[in-house]
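The following exercises concern a predicted model. Please work through each task before reading its solution.

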Amino acid sequence: MTESLTVRDNRTGQEYEVPIVDGTIKAADLGKITAGEDAPGLAVYDPGFVNTASCRSAVTFIDGEKGVLEYRGYPIEQLAEKSSFLEVAYLLIHGSLPTKAEYETWVHEITYHTFVHENIKEFMQGFRYDAHPMGMLMASVGALSTFYPDARHISEADNRHIQMVRMIAKMPTLGAWSFRHAQGKPFVYPDNDLSYTANFLSMLFKMSESKYEADERLVKALDVLFILHADHEQNCSTNAVRSVGSSQVDPYSAVAAGVGALYGPLHGGANEAVLRMLRRIGSVENIPSFIEGVKAGNERLMGFGHRVYKNFDPRATIIKKACDDVFEVTGVNPLLKIAQELERIALEDEYFVKRKLYPNVDFYSGLIYEAFQFPPEMFTVLFAIGRTPGWLAQWNELVQDKEQKIARPKQIYTGDRGLTFVPASERWS
Ligand code: CMC
């Protein structure tokens, strides 16, 4: 079988042979196809990069039809059950699992860097009382670039390493302080005797007790949620990190762009919408009429369907299990009953079956977060903390990839041309 594409340009009658490599053609090869000597080359129009590969990546594999998600080749189910968030972070960034010594050094490094400069604290205290925690997180991650100006030396591997360690370490501190600020509570400093996730919970919820130690089952459940969110190949925020990073800016600025992308409701905000929907449905008896409304096209069943997963979202299955563990400690969220019944009915309904609509990661995650007593604005902050190693692994891959260039898409220009400018003094006289 010849690995190439023959293209006939009907404008000129000319034929072109375009090589196919890894199931793709190079957009630059299409640029060689022109309608005449001075005419522009053929380009691809693809808003939202729906069918355009922007990079080669060895970080995360997804097979949407089969419901497969793997980090560096390891199935998400195994990592969620048997690994820890920091080990997964190491795996994503370094490409292989750590030895015992490597893991201990990694955990020590991350733990050692959890504190932030006092000026960051003061900077965060300067936000308005009702500042959205995600806006605070985005600004404070960006601000870190001014505290570590050496971070711009991105071609040095050791330098990249220390910045990645700092960012993974400081994200929970910044996230927890964004939460405390909205509540008017004093910021809690990191407790480095605790694990990564237990320390995060301490910074969130500690009050006057000398030590805050969360229930181990809650620590484990949140650690699993972080693992599930750690990477998801070229999604909107990862693409933002790569696009901004392609200018060779420091990683704090690139990750701040990722936080900004995640802030948007089409990306990080769906679980909040699920909670609102469940609350609106209100009781199990109202489900059939709600489903009828969805089928009539009045609204969507939030937390169902996915652009990539067309069979099931493997993260949703794991989250359902985490739900049980969390509710064992916190008591059952009354919305769970509505969610379960909604899922049962939808999975049997021809409308959803035909369109391959299944629960996605967001269907149950909001219920868990609410059980932790997080307000909805915090849900995306939790997502950002989990996604940080993924953003960094992708950024680290990008800066070492010789094929990468500064991101600079083409456009199809639709505006005016060649107008003659008349100065305001003449136009308005
Ligand atoms: N409820 C009802 N109908 C739906 C839904 C839904 N949640 N999702 C898709 N459909 C229907 C849609 O109306 C269309 O039907 P028809 O063919 O009759 O016009 C068909 O299914 C295909 O939908 P689509 O909009 O072309 O699918 P998409 O791949 O562009 O959209 C999606 C994917 C996730 C945006 C969409 O399923 C959706 O809006 N879901 C609800 C929001 C949600 O839960 N988002 C979280 C996604 S997971 C987060 C992550 O991975 O980061």
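**Exercise 1.** Determine how the residues of the shell around the ligand divide by class.

*Solution.* Begin with the shell itself: 17 residues surround the ligand. The closest are Arg300, Leu301, Gly303, Phe304 and His306. Next, sort the shell by class, with Gly counted as polar and Tyr as nonpolar. The result is seven nonpolar, four polar and six charged residues.

**Exercise 2.** Identify which polar atoms of leucine 301, glycine 303 and asparagine 360 lie by the ligand, and state what share of the ligand's accessible area the protein covers.

*Solution.* A polar contact requires a pair of N or O atoms within 3.5 Å. Take the backbone first. In leucine 301, a backbone N or O atom is found 2.8 Å from a nitrogen atom of the ligand. In glycine 303, a polar backbone atom is 2.8 Å from an oxygen atom of the ligand. Then turn to side chains: asparagine 360 places a polar side-chain atom 2.9 Å from a ligand oxygen atom. Finally, consider the area. On its own the ligand has 950 Å² of accessible area, of which the protein covers 66%.

**Exercise 3.** State how many cavities of 30 Å³ or more the structure holds, and describe the lining of the largest cavity.

*Solution.* The structure holds two such cavities. The volume of the largest cavity is about 70 Å³. Its lining includes Leu86, Ile110, Thr111, Asp191 and Tyr196. To place the lining in the fold, look to the helices: H4 (100–112), H7 (157–183) and H8 (196–205) each supply at least two of its residues. By class, the lining of the largest cavity comprises six nonpolar, five polar and one charged residue.

**Exercise 4.** Give the volume of the second largest cavity and find which residues line this cavity.

*Solution.* The second largest cavity has a volume of about 30 Å³. Gly305, His306, Tyr309, Phe312, Asp313, Lys356, Tyr358, Pro359 and Asn360 form its lining. Sorted by class, these are four nonpolar, three polar and two charged residues. Compare this list with the ligand's surroundings: His306 is among the residues closest to the ligand and also lines the second largest cavity. Asn360, another lining residue, has the side-chain atom placed 2.9 Å from a ligand oxygen.

**Exercise 5.** Which parts does the salt bridge between glutamate 328 and arginine 217 tie together?

*Solution.* The structure holds 24 salt bridges. In this one, the side chains of glutamate 328 and arginine 217 meet at 3.0 Å, N to O. Glutamate 328 belongs to helix H14 (residues 314–330) and arginine 217 to helix H9 (residues 216–229), so the pair links parts 111 residues apart in sequence.

Conventions: Residues numbered from 1 in each chain as written. Predicted model: local features only at pLDDT ≥ 70, side-chain atom pairs only at ≥ 80, totals over all residues. Heavy atoms only, no water. Near = heavy atom within 4 Å. Polar contact = N/O pair within 3.5 Å; in protein donor to acceptor, adjacent residues only side chain to side chain. Areas by Shrake-Rupley, 256 points an atom, 1.4 Å probe, with all protein chains shown as cover. 1 Å grid on protein atoms, 1.4 Å probe; cavity = no way out; pocket = protein on both sides within 12 Å on 5 of 7 lines; lining within 4 Å. Points joined across faces, edges and corners; volume = space filled by probe spheres on them. Helix = DSSP H or I, 4+ residues; strand = E, 2+ residues; numbered from the N terminus. Salt bridge = Lys/Arg side-chain N within 4 Å of Asp/Glu carboxyl O.
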